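User: I've got a model here and I'd like to know what the labels on it rest on. Walk me through it, starting with how strands get paired.

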Amino acid sequence: MNDYAGQHEVVSENMTSQITAELTRFVQELKQERKSHFHDGRKAQQNIETFWKQLEASKRRFERDCKEADRAQQYFEKMDADINVTKADVEKARQQAQTRHQMAEDSKGEYSSILQKFNHEQREHYHTHIPNIFQKIQEMEERRIVRIGECMKTYAEVDRQVIPIIGKCLDGITKAAESIDQKNDSQLVIEAFKSGFEPPGDIDFEDFTQPMKRTVSESSLSNSRWDGKSEPKPGSKSKGKLWPFIKKNKSPKQQKEPLSHRFNEFMTSKPKIHCFRSLKRGLSLKLGGGPEDFSNLPPEQRRKKLQQKVDELNKDIQKEMDQRDALTKMKDVYIKNPQMGDAASVDHKLAELGQNMEKLRLEAQKFEGWLAEVEGRLPVRTEQTRRQSGMYDTQNTSAVNNCAQDRESPDGSYTEEQSQESEMKVPVTEFDDEFDDEEPLPTIGTCKALYTFEGQNEGTISVTEGEMLYVIEEDKGDGWTRIRRNEDEEGYVPTSYVEVYLDKNAKGAMTYI
């Protein structure tokens, strides 16, 4: 699956470098060219509109001058026919009419000239300028279509190069899926949880006609206790261990129950496993499960898993506290009223609840530390934190071993009795102060800041675009890389904000392909 995803990343990178970058530059060029053509078209349209306005203006002026010349000619004829008008007035009207006729002739010539010019410009506009502009736009679009086709061909070549590798990846996935052996998986679960309990042997015949001591088969169901001569298990205060499914008799002097009652209990009772959490953890480790701190998951999924685990532990702690409060009240009642019960009988249960609460608190603190580390409150796990985590793991392993020893009978089977010697002892070593002064981590490469990052949270560092820095710890899968600017300034930055160049000879360096 990783190889399959890697081939898709190769396709993406090749498309980005060979297609996307070229298309982006080509599109910008097309935008500028298209804008230039549209500008030429608007300019040609404004030019023809200007000539049309000039033609309309000369036409209206010619029409007005013609009307004025007609009125002047009519006025002159009227004055010339009137016998009461002096000769001077008639001459004046005649000159006025001639002037108007001359103006009309000038307007006519101007209108004719502008009309010819407009017709010429109109022919140029519709037969030369506009067709040329549209031809350029068409050529531009055709170049765009050709480039799109070339990009599609390039994509096909890029994809065709990885098809054989993808086919091998798919073949590997199919082969891995076909190699699943459900029987083997079931056997792993059986081997992890098998109890080692052997079926009981045959029951001996008891002859009641003869006065003799009755003997019971050692492997019989009624033999609920071990022989007192057998060696007790070290570290256990109990005198005898019980087989699973059989209840413990509280009174040591109680007579043995009939075999039928024992058989009924065997058929109806259910096994109790006190350390199911430790068994579940052991199964996950045996079956190849993930680590306890979910470090194999992405940061967000890991944070959710850790938060869910912390919530579950807090609920368990609250339940234990409620049981302790209830037992404390019961003890107070027994102290005030001794006839109701013995107050000392509650002390053992209270001590057991206290131990359980302490274990749960240690577990909760451990997961809260991991959760704080994921959320950024703790930028890096110090040696002290690692020592504490190791102490918690040691304590948990000891608790699981004690619980497993208490649940095992001499031949490996489980019992219901829980060990009472599960006190938490923190190992004190003389090396606790060795790591107070940590040596600076060596550089494993360099990096270049692709973007500016403002490191406002604790443990982060601010960088500016183009800045060169030293890498001292690579990305562990959480999306952060640890870098150093100088001896006094170091911290974490997002991995996507920097381009890392790791030294091949540096310890812990990886090669990126």
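Analyst: Two strands pair if DSSP finds at least two bridges between them. The elements are DSSP runs too: helices are H or I over at least four residues, strands are E over at least two, numbered from the N terminus. Note that this is a predicted model: local features need pLDDT of at least 70 and side-chain atom pairs pLDDT 80 or more, while totals for chains, interfaces and linings use all residues. Residues are numbered from 1 along each chain as its sequence is written, and side-chain values use heavy atoms, with hydrogens and water left out.

User: Fine. Which elements does the protein have, and in what pattern along the sequence?

Analyst: There are eight helices and five strands. Reading along the sequence gives α-α-α-α-α-α-α-α-β-β-β-β-β.

User: What makes β2 and β3 a pair?

Analyst: Three bridges link β2 to β3 (residues 480-484), in the antiparallel sense. The cut-off is at least two, so they pair. One spot to look at is Y470, which stands opposite R484 in β3. The hairpin of β2 and β3 has six residues between the strands, and G477 takes a positive phi near 105° there.

User: And how do you know that β1 is paired with β2 and with β5?

Analyst: Count the bridges again: four join β1 (residues 445-449) to β2 (residues 468-473), and five join β1 to β5. Both pairings run antiparallel. On the β2 side, C447 has L469 as its bridge partner and K448 stands opposite M468. On the β5 side, T446 stands opposite Y501.

User: Why is the sheet called open, and which are its edge strands?

Analyst: The order is β4-β3-β2-β1-β5, five strands in an open sheet with antiparallel pairing. The edges are β4 (490-494) and β5 (498-502), each of which pairs on one side only. The twist averages 40° from one strand to the next.

User: What makes one face of β1 the covered one, and which residues sit on each face?

Analyst: The covered face of β1 carries G445, C447 and A449, and the uncovered one T446 and K448. In a regular strand the side chains alternate between the two faces of the sheet.

User: Moving to the helices, why is Q7 called buried and Q74 exposed?

Analyst: It comes down to relative accessible area: buried is under 20%, exposed is over 50%, partly exposed is in between (1.4 Å probe, protein chains only). Q7 is at 15%, so it counts as buried; Q74 is at 54%, so it counts as exposed. Q74 is found in α1 (residues 2-81), and Q7 has its place in helix α1 as well. Contact means heavy atoms within 4.5 Å, and leaving aside its neighbours within four places in sequence, Q7 is in contact with V162, I165 and I166. Q74 and A93 are 19 residues apart in sequence and 9.6 Å apart in space, C-alpha to C-alpha.

User: How much of the protein counts as buried?

Analyst: Of its 513 residues, 24% count as buried. As for contacts with a separation of 6 or more, 65% of them involve residues 24 or more positions apart.

User: How do you know that α6 spans close to what's expected?

Analyst: The expected span is 1.5 Å times one less than the number of residues. α6 (residues 299-336) has 38 residues and reaches 55 Å from its first C-alpha to its last, close to the expected 56 Å.

User: Which residues of α6 are buried, and why is K319 called exposed?

Analyst: R302, L306, V310, L313, I317, E320, L327 and Y334 are buried, and α7 (347-375) is part of what covers them. K319 is also placed in α6, but its relative accessible area is 53%, so it counts as exposed.

User: Last one: why are α6 and α7 called roughly antiparallel?

Analyst: Axes are lines fitted to C-alpha atoms, for helices over the stretch in contact, with angles from 0 to 180 degrees between N-to-C directions. The axes of α6 and α7 come within 9 Å and cross at roughly 160°. That makes α6 roughly antiparallel to α7, because the label needs over 145 degrees (under 35 is roughly parallel, 65 to 115 roughly perpendicular, the rest oblique).
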